[in-house]
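Please take a look at the model below. The report then covers the two protein chains, how they meet, and what lies near each DNA strand.

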Number of protein chains: 2
Amino acid sequence: MGRTQSFDTATVVGAARDVFWRLGYDATSLGDLERATGLGRSSLYHAFGSKRGLFDAAVENYLDEIVRPRLAGLTGGDASADGDDPAAARAALRSYFAEMSDAVATLGHDDGRAGCLLLISTAGQAGHDAMVRGAVDAYRAELVAAFSAAVRRALPGAATDAVERRARLYTALVVAALTLARVNREEAVATLRLAEDAAGAPVPGP
Amino acid sequence: MGRTQSFDTATVVGAARDVFWRLGYDATSLGDLERATGLGRSSLYHAFGSKRGLFDAAVENYLDEIVRPRLAGLTGGDASADGDDPAAARAALRSYFAEMSDAVATLGHDDGRAGCLLLISTAGQAGHDAMVRGAVDAYRAELVAAFSAAVRRALPGAATDAVERRARLYTALVVAALTLARVNREEAVATLRLAEDAAGAPVPGP
DNA sequence: TCGATAGTAGAACGGTCAGTACAAATAAGG
DNA sequence: CCTTATTTGTACTGACCGTTCTACTATCGA
């Protein structure tokens, strides 16, 4: 065959992801991406087709590397082991929120990488793109699903709609915290603390 | 003096506000603003100095025309009249959330004017502008203050930090709903319903 | 009525954007 | 080694950006 690729795709996508994360899709220029990845336009266009193609790869990377690893603890872990232990589920919820608090408090202090790559993409022209909106909504649904699974384990006797409401509440608090993270870190952390406190209580409020 | 202005400033600012609201600051072009306001660049620059000047006027208009009228019911209304009636305060909270639900459900169905003008401005380059971040944080603080006032009236005996937590929770739910409104209207409404339900309950959860 | 003054129109500016064309460079297979 | 497929560097395209400039127009005070 021909010449071999001189760069590691995952590394390049990761670097591009951080730029999109920092600036948002619209405000990120190909110059920014060239600088961050160390590649020229030719290589980027050859490998990803377009700015949008690289963005899609970055989103996928974001979900796989950032979002889902943190969500993994909520969805059950090794199912049969402690899958039905309410205390373990509550602990998983609390540790998730603690991790998020830590991430919001520390991440992006240096590189300006604050909030959520997907949520900030809802602004601007990208927000009017049906594919982008769909991706963000899928992300939201993934959050709700993970929280539902955890809450169901944490509150074995709870009614279905009570579990749903609780999951929606947690999702909303996370969304709000990630939105506020770009504006006021302390308030974002305080918002997550609300979720952490709620997760510690064995019985949910109204 | 000289020639008189041929347009109504408030009308023009309102039209510009709706464009910024729809597209966000970065994605809004002067062409969009010309089209929406019916004015030429010259008039816009003469009256507002720059795109940013017009945006600042639009934000001020947004706060005065959209945000604060809705918040007015929470901060006390005619103070001494029912200023100390917990039931009235709870009703004010519930009606605020109902109004927000209605706005999220209906507003922008036609014109794409969804979510919050200020929150969507945190994305992109505008989000790295200290002035913009400050404006958004001031907006958040205004929400917290209004909710604190209402909750304090709704729960006369509640401890200060319980009131604060409650106000922060309401703020987070509103922020989340306005963020999600651009992605999934139904979920945004459901999120506000959580707040509405919580406002109806006389005793707050943990 | 007649400047002085403020508002408007439209073109033009330099700069940046995403995307492309094309040739040079490089590595694999024969 | 030599062909061939693929990657990469460079320069360019046409479009659009926010801003500015100049010429023109309308209005008010004198």
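## Symmetry of the two copies

Copies are superposed by least squares on the C-alpha atoms of residues with pLDDT of at least 70 in both. The model is a predicted one. Chain A falls on chain B after a rotation of 180°, with 0.0 Å of shift along the axis. The RMSD of that fit is 0.1 Å. The two copies are thus related as by a two-fold rotation axis. Both copies use the same surface, since 97% of the contact residues of chain A recur in chain B.

## Chain A in outline

Chain A has 10 helices and 0 strands. Its pattern along the sequence is α-α-α-α-α-α-α-α-α-α. Along the principal axes, the C-alpha atoms of chain A fill a box of roughly 60 × 40 × 30 Å.

## Where chain A meets chain B

How many residues of chain A are in contact with chain B? On chain A, 39 residues take part, and they touch 38 residues of chain B. Four helices of chain A give two or more residues each to this side: H7 (117-120), H8 (130-154), H9 (160-180) and H10 (185-200). H9(A) gives the most, with 9 residues.

By class, the side of chain A that touches chain B has 19 nonpolar, 11 polar and 9 charged residues.

## Around DNA strand C

DNA strand C is surrounded by 27 residues. The closest are A:Arg3, B:Gly2, B:Arg3, B:Ser6 and B:Ser42. Both chains also supply helices to this surface. From chain A come H2 (30-37), H3 (41-48) and H4 (51-71), each with at least two residues. From chain B comes H3 (41-48), also with at least two.

Which helix supplies the largest share of the surface near DNA strand C? That is H3(B), with 4 residues. The surface near strand C divides into 6 nonpolar, 15 polar and 6 charged residues.

## Around DNA strand D

DNA strand D has 25 residues around it. Here the closest are A:Gly2, A:Arg3, A:Ser42, B:Arg3 and B:Ser29. H3 of chain A supplies at least two residues of this surface. So do H2 (30-37), H3 and H4 (51-71) of chain B.

H3(A) gives the most to the surface near DNA strand D, with 4 residues. By class, the residues near strand D are 6 nonpolar, 13 polar and 6 charged.

## Packing of H1 and H4 in chain B

H1 (residues 9-23) of chain B crosses H4(B) at roughly 95°. The two axes come within 8 Å. That makes H1(B) roughly perpendicular to H4(B).

H1(B) brings B:Val13, B:Gly14, B:Ala16, B:Arg17 and B:Phe20 to the contact. On H4(B) they meet B:Leu54, B:Phe55, B:Ala57, B:Ala58, B:Asn61 and B:Tyr62. The contact of H1(B) with H4(B) holds 8 nonpolar, 2 polar and 1 charged residues.

## Packing of H8 and H9 in chain B

H8 (residues 130-154) and H9 (residues 160-180) of chain B have axes that come within 8 Å. They cross at roughly 130°. H8(B) and H9(B) are therefore oblique to each other. The crossing of H8(B) past H9(B) is right-handed.

From H8(B), the contact is made by B:Arg140, B:Leu143, B:Val144, B:Phe147, B:Ser148, B:Val151 and B:Arg152. From H9(B), it is made by B:Val163, B:Glu164, B:Arg166, B:Ala167, B:Arg168, B:Tyr170, B:Thr171 and B:Val174. By class, the contact of H8(B) with H9(B) has 8 nonpolar, 2 polar and 5 charged residues.

## Packing of H9 and H10 in chain B

Are H9(B) and H10(B) roughly parallel or roughly antiparallel? Helix H10 covers residues 185-200 of chain B. The angle between H9(B) and H10(B) is about 170°, and their axes lie 8 Å apart. H9(B) and H10(B) are therefore roughly antiparallel to each other.

H9(B) contributes B:Tyr170, B:Leu173, B:Ala176, B:Ala177 and B:Leu180. These meet B:Glu187, B:Ala188, B:Thr191, B:Leu192, B:Leu194 and B:Ala195 in H10(B). The contact of H9(B) with H10(B) divides into 9 nonpolar, 1 polar and 1 charged residues. B:Tyr170 of H9(B) takes part in this contact and also in the one with H8(B).

Methods. Residues are numbered from 1 along each chain as its sequence is written. Chains are lettered from A and ligands numbered from 1 in the order in which they are written. This is a predicted model: local features need pLDDT of at least 70, side-chain atom pairs count only at pLDDT 80 or more; totals for chains, interfaces and linings use all residues. Axes are lines fitted to C-alpha atoms, for helices over the stretch in contact, and angles run from 0 to 180 degrees between N-to-C directions. Angles under 35 degrees count as roughly parallel, over 145 as roughly antiparallel, 65 to 115 as roughly perpendicular and the rest as oblique. A crossing is left-handed if the near helix is turned anticlockwise from the far one by less than a right angle, and right-handed if clockwise. Two residues are in contact if their C-beta atoms, placed from the backbone, lie within 7 Å. Ala, Val, Leu, Ile, Met, Phe, Trp, Tyr, Cys and Pro count as nonpolar, Asp, Glu, Lys and Arg as charged, and the others, Gly among them, as polar. A residue is near a molecule or strand if its C-beta atom, placed from the backbone, lies within 6 Å of it.
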